[in-house]
Amino acid sequence: MMSIASFGHAFFALTLIALGILGLIKGDFDATWPSVPKDMPARMVLAYLCAFIYLASGIGLLWRRTAAVASRVLLAYLLTWLLFVSLPQIFLLHPTLLAAWGFGKTAVMVAGAWVLYVWFAGDLDRQRLAFATGDKGLRIARALFGLALIPFGLAHFVYLKETVVLIPGWLPSPVFWAYFTGGAFFAAGVAVLVGVYARLAAVLLVLQLAMFALLVWVPIAASGKISAFQWGEVVVTVALMSAAWVVADSYKGMPWLANTHAQMRRR
């Protein structure tokens, strides 16, 4: 029997399935993964493994009997990438902001997977891994999500020229929109981290990513002049939106303008 906890859950699962199929067809890592050296031993095998786990986890998340296992496997797998690949790259790669942006991509995916793990964790998980489930688990997932948004916002300011060229031509003052969207990422990250207006910030962040996909990537794709790099960014945008949607759904039932941390302490 299918088990759908929210629209974000369904969209995230379907996105994972699509990413898995894409990876199996290409035989390579999609743009949501951290940079993997071309000369890495068994690189193709690892790429197929990543694609398979995405595909299997996405399918598993849609069914009641397998959702707990799928969320556990997905979280463990993404956490491994975050801690042992994305995090070290911040200290090893230059420029550092781009490495932090890469860390943010993986962290958002981890946050979405962590929320689903909290939702579907069984009694054994809650007993053995109490720190990762319940309200504690949600706090960690949301903190990761908020932290990940900071470099996204900073990149709009540091790489202003590259951001401005993506603003649709019919919008006036492209520099303003570059600064505005960068500021929105940064503000959303801070709001989620401090727990003030966090639900509103998370929902607006999902809306911003959706508008970015519709107003920027859809017209470029429709023009037929989209590059391989831009296709990768389309994939990243959809993946981030799906994971962010799950995090936003985790605030359901809380007041839009509430102090989230205070609300959770009262429960």
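Visitor: Which residues of H8 are buried?
Guide: Happy to start there, bearing in mind that this is a predicted model. Helix H8 covers residues 174-194, and its buried residues pack against H6, H7 and H9. Those buried residues are Ala178, Thr181, Gly182, Phe185, Ala188, Gly189, Ala191 and Val192.

Visitor: How far apart are the end C-alpha atoms of H8, and what span should its residues give?
Guide: H8 has 21 residues, and the expectation is worked out at 1.5 Å a residue. The expected span and the distance between the end C-alpha atoms agree, both being 30 Å.

Visitor: Which residue just after H8 takes a positive phi?
Guide: Let's look at both sides of the helix. In the loop between helix H7 (160-164) and H8 lies Ser173, which has a positive phi of about 50 degrees although it is not a glycine. Just after H8, a positive phi of about 80 degrees belongs to Gly195.

Visitor: Is Ser173 buried, exposed or partly exposed?
Guide: Its relative accessibility is 47%. Buried needs a value under 20% and exposed one over 50%, with partly exposed in between. Ser173 therefore counts as partly exposed.

Visitor: And Ala42, in the loop between H1 and H2: is that residue buried or exposed?
Guide: Good one to check, as Ala42 is a residue other than glycine with a positive phi, near 55 degrees. Its relative accessible area is 52%, and the cut-off for exposed is over 50%. So Ala42 is exposed.

Visitor: Which helices do the buried residues of H1 pack against?
Guide: H1 runs over residues 7-26 and reaches 28 Å from its first C-alpha to its last, close to the 28 Å expected. Its buried residues include Phe12, Ala13, Leu16 and Ile17. The helices they pack against are H2 (43-60), H3 (67-92), H4 (96-120) and H10 (228-249).

Visitor: Which residues does Gly58 touch, leaving aside those up to four places away in sequence?
Guide: Gly58 is found in helix H2 and is buried, with a relative accessible area of 0%. Ala13, Leu16 and Ile17 are among the buried residues of H1. Those are the residues that Gly58 touches: Ala13, Leu16 and Ile17.

Visitor: Which residues touch the most other members of the largest nonpolar core?
Guide: That core holds 69 residues. H1, H2, H3, H4, H6, H8, H9 and H10 each supply at least two of them, and the largest share, 14 residues, comes from H4. The residues touching the most other members are Phe12 and Phe145.

Visitor: Which residues does Phe145 touch, not counting those up to four places away in sequence?
Guide: One of its contacts, Val192, is also among the buried residues of H8. The full set is Val108, Ala111, Val192, Ala202, Leu205, Ala244 and Val247.

Visitor: How many residues are in another core that lies apart from the largest one?
Guide: Among its members are Val216, Ile220, Ile226 and Val234. The size of this other core is 5 residues.

Visitor: Is Ser71 buried or exposed?
Guide: Ser71 lies in helix H3. It touches Leu61, Ala113, Leu116, Tyr117 and Phe120, not counting residues up to four places away in sequence. Its relative accessible area is 1%, and anything under 20% counts as buried. Ser71 is therefore buried.

Note on methods:
Residues are numbered from 1 along each chain as its sequence is written. This is a predicted model: local features need pLDDT of at least 70, side-chain atom pairs count only at pLDDT 80 or more; totals for chains, interfaces and linings use all residues. Side-chain values use heavy atoms; hydrogens and water are left out. Helices (H or I, at least four residues) and strands (E, at least two) are DSSP runs, numbered from the N terminus. The expected span of a helix is 1.5 Å times one less than its number of residues. Buried means under 20% relative accessible area, exposed over 50%, partly exposed in between (1.4 Å probe, protein chains only). Contact means heavy atoms within 4.5 Å. A nonpolar core is a set of buried Ala, Val, Leu, Ile, Met, Phe, Trp, Tyr and Cys residues joined through side-chain atoms within 4.5 Å.
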